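Here are some short exercises, each with a worked solution. Try each task on the model before you read on.

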Amino acid sequence: MTQATIYHNPRCSKSRETLTLLEQQGCDINVVEYLKNPPTAKEISDILTKLGLSARELMRTKETEYQTLGLADTSLTETQLIEAMVNTPKLLERPIVLANQRAVIGRPPENVLAIL
């Protein structure tokens, strides 16, 4: 049985669909409601490495907080952007699924099948 962790927002339809897909695949799922229990800077850094993305690529740039916090500033470092996601987890793209030492964003939910 595949162990999977999903960084989940129950209010997001794609996140709910991805969770359902993991359940249908028979995965042993660790559900992290990241808005209640935000990942640490190290966890985000590890996720970025597994995704092969930069911090900015993992951010929801259309969120109001992205603009209000001035995160479009290209002089901000990876560390500063990661810290912004730790402090404002709503900025994290969702859902993120970790399985088999890999990670994927579940948009569309079928993306998770590639790492199971």
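**Exercise 1: the surroundings of T18**

Apart from neighbours within four places in sequence, T18 is in contact (heavy atoms within 4.5 Å) with I6, P95, V97, G106, P109 and V112. This is a predicted model, where local features need pLDDT of at least 70, side-chain atom pairs count only at pLDDT 80 or more, and totals for chains, interfaces and linings use all residues. Residues are numbered from 1 along each chain as its sequence is written, and side-chain values use heavy atoms, with hydrogens and water left out.

Task: find where T18 sits, and decide whether T18 is buried or exposed.

Solution.
- Step 1. T18 belongs to helix 1. Helices (H or I, at least four residues) and strands (E, at least two) are DSSP runs, numbered from the N terminus.
- Step 2. T18 has 0% relative accessibility, so it counts as buried. Buried means under 20% relative accessible area, exposed over 50%, partly exposed in between (1.4 Å probe, protein chains only).

**Exercise 2: the sheet**

Task: give the strand order of the open sheet, and name its edge strands.

Solution.
- Step 1. The four strands run in the order 2-1-3-4, with mixed pairing. Two strands pair if DSSP finds at least two bridges between them.
- Step 2. Strand 2 (28-33) and strand 4 (102-105) are the edges, as each pairs on one side only.
- Step 3. Strand 1 (residues 3-8) pairs with strand 3 (residues 96-99) in the antiparallel sense, over four bridges.
- Step 4. Take one bridge: Y7 has I96 in strand 3 as its partner.

**Exercise 3: the salt bridges of E93**

Task: which parts does the salt bridge between E93 and R60 tie together?

Solution.
- Step 1. A salt bridge is a side-chain nitrogen of Lys or Arg within 4 Å of a carboxyl oxygen of Asp or Glu. By this rule there are eight.
- Step 2. In the bridge between E93 and R60, the closest N and O atoms are 3.1 Å apart.
- Step 3. E93 is in the loop between helix 4 and strand 3, and R60 in the loop between helix 2 and helix 3 (64-68), so the pair ties together parts 33 residues apart in sequence.
- Step 4. Both E93 and R60 are buried.
- Step 5. E93 also meets R107 in a salt bridge (2.9 Å, N to O). R107 is partly exposed, with a relative accessible area of 34%.
- Step 6. Now widen the view: R60, E63, E65, K90, E93 and R107 are linked in a network of salt bridges.
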